[in-house]
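I opened my notebook to look through one sheet and a couple of residues. Here is what I wrote down as I went.

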Amino acid sequence: MLQHKIAELKKQKNAVILAHYYQIPEIQEVADYVGDSLGLSQKAAETDADMIVFAGVHFMAETAKILNPSKKVLLPDVNAGCSLAESCPPEAFQKFINSHPDHLVITYVNCSAEIKAMSDIVCTSSNAVAIVNSVPEDKPIIFAPDKNLGRYVMQETGRELLLWDGSCVVHEAFSADKLISLIQQHPDAKIIAHPESETHILKTANYIGSTAGMISFVKQHPEHKFIVATEAGILYKMQEAVPQATLIPAPAKEDNNCACSECAFMKMNTLEKLYNCLQMEAPEILVAEDIQNKALYPINRMLELSAH
Ligand code: 13P
Ligand code: SF4
């Protein structure tokens, strides 16, 4: 069985498999650690394995490589990108920064290494509010690339942020109309949402947080009913954490089989590709040395600010 072969190869090569909550269940099962972007960066920073296999998307593997320049970092499918990272091209972002030279640059981890290299601090959805709050109040801030997360952080901190106009296709796919009729059908359900979702979806939510935050929230109400507005891959670990709870994915605008929203990039990774990648030690993620050196500082700033 492929999962056993993967476990065997992993041991032989002293590799660690880090997986995001949006991966398919079979991959989550063979992973050494499954988590949100912050947890995954923290694990990548502290691992003593020789090789990191990142079951996630390109910017996540790149972040792991920046933190571990001497280790081999592999991504099962090199085409597993991210619409949010794509929405912030380096040349245009450099111009944006240049036209606001007095601003501090905070970037959401869902961006390329080139964008991180232009940043002062990186953040994830679980620490964005705290990181913005750590900046002196009179310092103007550029926040990129996710405008939805940026608006949420503005609301939570009461601060004005200069937002880049980027977004995630998966979290902008939720249908407000279908969500409202679902709420009417399940008036007892709590709505939990990821802050990459649009403001009108977030307005309906009882809890807003990162994928790990959403799992922690449902654990506090283990027998409740939840409507879950994030990528549907999270349901696997969430249901495992709260077997008695009823979990209903928030519906997408498009009529699809799962009545949910799935990230096509995250789902490019398969068990077979994971096996092949471990065996062939490819595709390997590489970051140019100058970008790597510049991008390390804002990632480390985030890890320091999130250490407690
Ligand atoms: P978190 O798991 O950090 O909440 O991020 C969600 C996401 O969209 C990752 O691409
Ligand atoms: Fe990018 Fe959205 Fe997919 Fe996350 S869910 S990897 S933000 S496209």
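**Notes on a sheet and two residues**

I began with strand β7, residues 141–144, and found three bridges joining it to β8, with the two running parallel. Here I saw isoleucine 142 standing opposite leucine 162 of β8. I kept in mind that this is a predicted model.

Next I looked up the whole sheet. It is open, has four strands in the order β6-β5-β7-β8, and pairs in parallel. I marked β6 (121–123) and β8 (161–163) as the edge strands, since each has a pairing on one side only. On average, neighbouring strands here are turned by 30° against each other, ignoring direction.

Then I checked what lies across the sheet's strands. Helix α6 (residues 90–98) crosses β5 (104–108), β7 and β8, and runs at about 165° to β7.

I also looked at the UniProt record. Its unreviewed entry puts a "binding site" feature at several residues, including Tyr108, Ser125 and His194. Those three are among the ones that also help line the largest cavity.

Tyrosine 108 came next; I found it in strand β5. Is it buried or exposed? It counts as buried, because its relative accessibility is 2%, under the 20% cut-off. Its contacts farther along the sequence include Leu84, Cys123, Ser125, Ala144 and His194.

Last, I turned to serine 125, which sits in the loop between β6 and α8 (128–133). At 15% relative accessibility, serine 125 counts as buried too. Beyond four places in sequence, serine 125 touches Tyr108, Leu149, His194, Pro195 and Ser210. I also noted a polar contact of 3.4 Å between the side chains of serine 125 and histidine 194.

Terms used: Residues are numbered from 1 along each chain as its sequence is written. Chains are lettered from A and ligands numbered from 1 in the order in which they are written. This is a predicted model: local features need pLDDT of at least 70, side-chain atom pairs count only at pLDDT 80 or more; totals for chains, interfaces and linings use all residues. Side-chain values use heavy atoms; hydrogens and water are left out. Two strands pair if DSSP finds at least two bridges between them. Axes are lines fitted to C-alpha atoms, for helices over the stretch in contact, and angles run from 0 to 180 degrees between N-to-C directions. Contact means heavy atoms within 4.5 Å. UniProt positions are given in the numbering used here, feature names are shortened, and annotations may be inferred rather than shown by experiment. On a 1 Å grid over the protein atoms alone, a cavity is a set of points where a 1.4 Å probe fits but cannot get out, and a pocket is an open set with protein on both sides within 12 Å along at least five of seven lines; lining residues have an atom within 4 Å of a point. Buried means under 20% relative accessible area, exposed over 50%, partly exposed in between (1.4 Å probe, protein chains only). A polar contact is a pair of N or O atoms within 3.5 Å; within protein, one must be able to donate a hydrogen and the other to accept it, and residues adjacent in sequence count only if both atoms are side-chain atoms.
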